[in-house]
Amino acid sequence: MTRCFSVVLFLFVFIVSVYGGYPVRPVPFTNVTIEDSFWTPRQELNHKHSIPFAFEQSEKTGRIENFKLAAGKAKPGYKYTVPLHNDGDFYKGIEAAAYDLQQNPDPKMETYLDELITIIAEAQEKDGYLYTGITCQQDFPELHRWAHGGKWKNLEHSHELYSAGHLFEAAAAHYAATGKKNLLDIAVKLAGLLVTTFGMEEGQIRDVPGHEVIEMGLCKLYHVTGKEEYLKLAKFFIDLRGREDLRSSRNKNPKKMYGELTQDHKPLTKQDEAVGHAVRATYLYAGAADVAVLTGDQQLIAAMKRIWENTVAKKLSIHGGLGAAPRGEAFDKNYVLPNFVGQTYNETCAQIGGCYWHHRMFLLEPDAKYYDVLERTIYNGLISGISLSGDRFFYPNPLASRGGYNRQPWFYCACCPQNLMRFLASLGGYIYAVKNGTENIDKKISDTLFVGLYIGNQADVDIAGQTVHLRLKSDFPNCGNVRLSIHPKNPATWKLALRIPGWAAGKPVPSDLYAYSDTKNIAKPIIQINNETVSYEPENGFAVIERQWKDGDLVTIQMEMPLNRVICNELVVANRGRVAFERGPLVYCFESIDNDNHLFDLIPDNNISNITVTTEEKLFGAESIMIDGSAVLRNRDGSVYREKRKLKMIPYCVWDNRGNSAMQVWMSGDEKTVEILPKQSSAQITVSFARSKDDMPKRIRFINDGKFPNQTETLHLQHFDWWSHLGTTEWVCYDFEKPISVSQSGVYWFEDEGKGQCRLPQAWKLFYKDGQDWKEVVLKDSSAYGTQKGILNTIEFAPVKTESLRIEVTLPNGFSSGLYEWVVE
């Protein structure tokens, strides 16, 4: 099959299979070549490294061998690798590779995909069933509980339909990319089984999946094949959710609803709040939008609008993150948006699912507010999920870390990496969209071309009966100047709708959840056509210009990008008294590695007019910003003072790319929220070992001198260490003049890797003296003995009253350890 035919086929299949029926249709990513300083390096990395890396990991971790096992062709002695939903996540990798083939033809990758598809086909059972974990269960009855009961018996947990949905999406993408039906035939065979298995007829199963995505997959398969039964089944799964009165298993025993975690607590048309597992929810909402448009279900459309408004007004983290509750990876209650690692979540997959949903809502109702949230997400809480090396990934995306939280090369549940890859490979499809005009006796309405994202690109767009070539140049997100040149084959009249971003109009999000503290420096964007200024008033967030367009017409947009100070709705308790910073679409954060190892004791000045912007080449050209601020410190006598500082911030999306560091987005706005180091208690200090009698009094006083290290002055001598003891257990003891009550303590560890033999300790514990006995403190559930570099490792515990405290430190094998400061509060 020729490349030309493949591209034409892809355009037809992609547009129809994903967005058929919507009032607005996107320009497919295959018509768009991204040429952008921010996104092009990331797409190249995705093609050259990330996608091959994902398949390499799938081979190493048994995800491919599972299919061979189901086919009876696994290597001798191989046992199934859990989790079971590895199948679906593996399909996402195939989908990513298929999208990438359209941009980067690669015969070797195409052949490799054919080999994988052959393995998948051999694993499929004769009736079409395809889910390796349950196929293999008879040989390995100890398999994960999600396989309990066999086929279709545990839909709440089994992920059978989740994996099927991802297979259908991958099959549509692969067919469009190559014209081959080998994966599509597998999908159709499984879909046929689903059609006969699920439904309201006698003997069919009336139940829904615990993890949605089958709805989107069936809609794509419906468009590719034209088989209406797939659309009917998608609507069946939508309509049955929350309907206990209609549910039954194959043997007609009543089935209970699964609850809010799976959005299965009441009918979707009756829901008005985003609840439950955030990835499941966003997949459901995107799939529901597809079904609603294709079937004309106005109640479903109204429900999607209500839930979206609730999400953006009460459940959206500033970086576009969705699902703030770690428990259940779920949407939390309204206005509950924590920041710290372990307290918040914002799974990468949830942001991706959110983008699918935001985009579909725009296609349903062309309002720029949907793009405002989509843009905020892709530049911040979505792309943060992958490192600048392309082989490290975040699962949750917190807004604050005390250090030690880093991207990982892979996960037991590896849904996020391959989800990122498929999104990046198809990013060009989110830039433009077209709405066809209408013509009748009374009035003609022209076609409209929407420009939703200002990502540099070249594109071919079908509008007004011809193909128009577009060239968009910008230096987004560092600069707000955009040049769009238009090249129709013949002069033609149509509307150009240029999005005026919310941040350019003084409104960061389309709700009162976040606001800029000062909007006086935000000027209305200037639009010119062929150097003549155009007057406009935004319509649903777009500047709409209707005219006859000619070859070479040049549209320029000038959008100011001042640094904006963001405040949060007071109902969000975690952010009261705190401020964040944005510039254009980018949310900024502060890392301790840039701020002399200080972070939580820093307060930015209210006046942010004096800034210094620097291009950080090691961070893919991201721009750091230096502002005025201060550190709130404590004197040895316990008094508090402020020290003027220059504070450095970087775009949130590139944090954790230069080594371990603490990080924070929402900075203290005043001393009420700043973390001031506690006043040190007066104590006599003894240690288990010092190098000499003369050394002991000189060095141990550093343990309690109130001074902490930074990066601008050498404090190598201002610490205590146990060298030359290596790999032993050592201690430091505080004896107080009288009993004190204490419930918190922290240690700032010393290490000199590359210079000496001190490393971070292997472990440590805190003990208090009770009479003649030493007893370990009882840590609170959220606390742990930290051994992170560059931060105060704080623990919280049940209050004790004692005259003595002791930390016992296990030194690493072959090395010693030390500390700068031990704080007791």
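A salt bridge here is a side-chain nitrogen of Lys or Arg within 4 Å of a carboxyl oxygen of Asp or Glu. The model is predicted: local features need pLDDT of at least 70, side-chain atom pairs count only at pLDDT 80 or more, and totals for chains, interfaces and linings use all residues. Residues are numbered from 1 along each chain as its sequence is written, and side-chain values use heavy atoms, with hydrogens and water left out.

**Exercise 1. Find what lysine 315 pairs with, and place both partners in the chain.**

Step 1. Lysine 315 forms a salt bridge with glutamate 273, at 2.8 Å from N to O.
Step 2. The pair links distant parts of the chain, 42 residues apart. Lysine 315 sits in the loop between α12 (298-314) and α13 (348-364), and glutamate 273 in the loop between α10 and α11. Helices (H or I, at least four residues) and strands (E, at least two) are DSSP runs, numbered from the N terminus.
Step 3. Check burial. Buried means under 20% relative accessible area, exposed over 50%, and partly exposed in between (1.4 Å probe, protein chains only). Lysine 315 is buried at 4%. Glutamate 273 is partly exposed at 28%.

**Exercise 2. Analyse the salt bridge of arginine 241 with glutamate 212.**

Step 1. The N to O distance is 3.2 Å.
Step 2. Arginine 241 is in the loop between α10 (228-240) and α11 (278-295), and glutamate 212 is in the loop between α8 (182-197) and α9 (214-225), so the bridge ties together parts 29 residues apart in sequence.
Step 3. Arginine 241 is buried, at 0% relative accessible area. Glutamate 212 is buried as well, at 0%.

**Exercise 3. Analyse the salt bridge of lysine 235 with aspartate 239.**

Step 1. The closest N and O atoms are 3.2 Å apart.
Step 2. Both residues lie in helix α10, 4 residues apart, which is about one helical turn.
Step 3. Recall the geometry. An α-helix has 3.6 residues a turn, so residues three or four places apart point the same way.
Step 4. Lysine 235 is partly exposed at 21%. Aspartate 239 is partly exposed at 35%.

**Exercise 4. State how many salt bridges the whole structure holds, and name a network.**

Step 1. The search of the whole structure finds 44 salt bridges.
Step 2. One network links Glu591, Asp594, Glu616, Lys648 and Arg658.

**Exercise 5. Compare the span of α13 with its expected span, then judge its burial.**

Step 1. The expected span is 1.5 Å times one less than the number of residues.
Step 2. α13 has 17 residues, and 24 Å is expected. From first C-alpha to last, α13 reaches 25 Å, close to that value.
Step 3. Of the 17 residues of α13, 17 are buried, so the helix is largely enclosed by the rest of the structure.

**Exercise 6. List the contacts of valine 188 beyond four places in sequence.**

Step 1. Valine 188 lies in helix α8.
Step 2. Contact means heavy atoms within 4.5 Å. Valine 188 touches Thr225, Lys227 and Tyr230, with residues up to four places away not counted.
Step 3. Take Lys227. The C-alpha atoms of valine 188 and lysine 227 are 9.8 Å apart, and the residues are 39 apart along the chain.
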